[in-house]
Amino acid sequence: MNDRHAFLIMAHNNKEQLLELLRQLDHPRNDIYLHIDRKVHLISKKEIEEVVRFSRVEILRSIKVSWGAYSQIQCELDLLKTSLSGNYTYYHLLSGVDCITKPMEQFHTFFEDNYGKEFIHFQGKCVDLNTENHVKYYHFLQQFSHVSRFECINTIIRGIERVLIVLQKCMGINRWKDEMILQKGANWFSITRDLAEYVVAQENWIHKRFSYTLSGDELFLQTLVYNSDFKNCLYQPSFDNDYHQCSRYIDWHRGKPYVFTTKDVKDVMFSDMMFARKCTKELLSNLTKINSTHDI
């Protein structure tokens, strides 16, 4: 068993917090693959070198990532394809405002003890009609529906999109046709190399089925895994919206989701999850200082 980990980061804002996350992930057994949204100039190579001493950091070619559009899937695939050049035990997808909750030694031990398990969240045993509509019909304008700084323009684009969906329903269009059992869950994952290679090998199928869909980044991985032998390797095959499935501490009761702050430091540290989403820079800084006493 290889003992190295790849962290795949999708970032689009908050440079100081991203630097703090890189500092937290910096470890001889970790490498970092970073995508920064093309819409922003967030961080320089020199700034990264000032905070990262042990890990190799690779910055990917940037693309414009739009909420709910295929560009989110493309970004994840680019991160996986690039990181597969190295041989890692696990590939962890996270955003620039996430954090690890445990000292790195404890983090590595957790994944050693659960080697071969796939950490993927599933919302339920089946999807609702609204989610089915995300893939049945073409969402041609999804990549433009949240990009304008003028909300009135975004509202108009979303209105046109709804009209196009109604027209497709009248025409009897159905892109999916039940070729696979559709599944949904959070897009943040920790997966083995075997599964990472499998996902990348399915890129053409993913593009064919999930381009012009709505929020396909919450569908493609879960659908692939559920309809493959990797379903038997899930860490928690409960299909009940429990975030233990992907070992992410995410609180939807206090926010959308709730942003953990310094007052939550003990709550985050003593959770039984390996990651927390989302957190403030101050919390991340505190965790890094506390946990660093147990590392290297």
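Student: How many aromatic pairs does a search of the whole structure find?
Tutor: It finds 23 aromatic pairs, counting Phe, Tyr and Trp rings (for Trp, the six-membered ring) with centres within 6.5 Å. A quick note: this is a predicted model, where local features need pLDDT of at least 70 and side-chain atom pairs 80 or more, while totals for chains, interfaces and linings use all residues. Residues are numbered from 1 along each chain as its sequence is written, and side-chain values use heavy atoms, leaving out hydrogens and water.

Student: Cool, so how do Y90 and F111 pair up?
Tutor: Their pair is tilted, with 4.9 Å centre to centre and 55° between the planes. For the angle labels, under 30 degrees is stacked, over 60 is edge-to-face, and the rest is tilted.

Student: What does that pair tie together?
Tutor: Y90 lies in strand β4 and F111 in helix α4, so the pair links parts that are 21 residues apart in sequence. Helices (H or I, at least four residues) and strands (E, at least two) are DSSP runs numbered from the N terminus.

Student: And is Y90 buried or exposed?
Tutor: Y90 is buried, at 0% relative accessibility, and F111 is buried too, at 1%. Buried means under 20% relative accessible area, exposed over 50%, and partly exposed in between (1.4 Å probe, protein chains only).

Student: Which residues share a cluster with those two?
Tutor: Y90 and F111 belong to one aromatic cluster with F7, F107, F110, F119, Y235 and F275.

Student: New topic: what's the strand order in the open sheet of five strands?
Tutor: The order is β3-β2-β1-β4-β6, and the pairing is mixed. β3 (56-59) and β6 (190-192) stand at the edges with a single partner strand each, so one side of each has no neighbour in the sheet.

Student: In what sense do β4 and β6 pair?
Tutor: Strand β4 (residues 90-95) pairs with β6 in the antiparallel sense, over three bridges. Two strands count as paired if DSSP finds at least two bridges between them.

Student: Which residue in β6 is the bridge partner of Y91?
Tutor: That's I191.

Student: Last topic, how many disulfides are there in the whole structure?
Tutor: Zero. A disulfide would need a pair of cysteine sulfur atoms within 2.5 Å.

Student: Why is there no bond between C99 and C279?
Tutor: The sulfur of C279 is the closest cysteine sulfur to that of C99, but at 3.7 Å the two are too far apart for a bond.

Student: Is C99 buried or exposed, then?
Tutor: C99 is buried, with a relative accessible area of 0%. C152, on the other hand, is exposed at 51%.
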